[in-house]
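Please open the model in your viewer and keep the sequence panel beside it. The stops below each begin with something to select.

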Amino acid sequence: MPERILVSACLLGAPVRYDGTGKPLAHPRLARWQAEGRLVPVCPEMLGGLATPRPAAEIAGGDGDAVLSGHARIRTRDGHDVTAAFLSGAEAARALAAAHGCRFALLMQRSPSCGSRTIHDGSFSGALIPGRGASAAVLARAGVAVFGSDEIEALAEALVRAETGSGPAAR
């Protein structure tokens, strides 16, 4: 059975980003996985009850792991705390991954939900810091191997290892 992949819906072109747009990732591997029925689209922010479009949000005081431990919050530029919606969406994404047997995720980099290696620093200045978003942190803690939108080749290699039994699936 081919591995299923949880994927940020915006990467498939769905207009679910904060600004009401998609961010389609034109890559032959992604197109093939979609044609094979492997992809399970998700937008944790929408699952958490946030509208589209919505105010941009960033993690203030850390990354998704700090949010999960209560040491950081997710806020809009005007200071509105949207942490609860992001955490609800993260849990819904984890449940969706579990329901579909997804051991892998391909998520939108830099997002306060989906960033896997890099997120905005909370200043709304465009500055980036190492870290992961709230949903990426929840998924990783649940044992899902999370890859950023710029790591599709690494995901492809992990899928081959998982499907052939030639080594560890996760990093």
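**Starting at the pocket**

The largest pocket has a volume of about 650 Å³, where a pocket is an open set of points on a 1 Å grid over the protein atoms alone, reachable by a 1.4 Å probe and with protein on both sides within 12 Å along at least five of seven lines; the volume is the space filled by probe spheres set on the points, which are joined across faces, edges and corners. Select Arg17, Tyr18, Arg110, Ser111 and Pro112, which are the closest to its centre of the 33 residues that line the largest pocket, lining residues being those with an atom within 4 Å of a point. Helix H2 (44-47), strand E3 (57-60) and strand E6 (118-120) each give two or more residues to this lining, and the largest share, three residues, comes from E3. Helices (H or I, at least four residues) and strands (E, at least two) are DSSP runs numbered from the N terminus.

This is a predicted model, in which local features need pLDDT of at least 70 and side-chain atom pairs count only at pLDDT 80 or more, while totals for chains, interfaces and linings use all residues. Residues are numbered from 1 along each chain as its sequence is written, and side-chain values use heavy atoms, with hydrogens and water left out.

**The sheet**

Next, select the four strands of the open sheet, whose order is E2-E1-E5-E8 with parallel pairing; two strands pair if DSSP finds at least two bridges between them. Strands E2 (39-42) and E8 (145-148) stand at the edges with a single partner strand each, so one side of each has no neighbour in the sheet. Strand E5 (residues 102-107) pairs with E8 over four bridges in the parallel sense, and Phe104 stands opposite Ala145 in E8.

**A residue in strand E1**

Now select Ser8, which lies in strand E1 (residues 4-8). Is Ser8 buried or exposed? Ser8 counts as buried because its relative accessibility is 2%, the cut-offs being under 20% for buried, over 50% for exposed and partly exposed in between (1.4 Å probe, protein chains only). Leaving aside neighbours within four places in sequence, Ser8 is in contact (heavy atoms within 4.5 Å) with Val42, Leu106, Leu107, Met108 and Cys114.

**Helix H5**

Finally, select helix H5 (residues 134-141), which is largely enclosed by the rest of the structure because six of its eight residues are buried. The buried residues in H5 include Ala134, Val138 and Leu139. Just after H5, Gly143 takes a positive phi of about 95 degrees.
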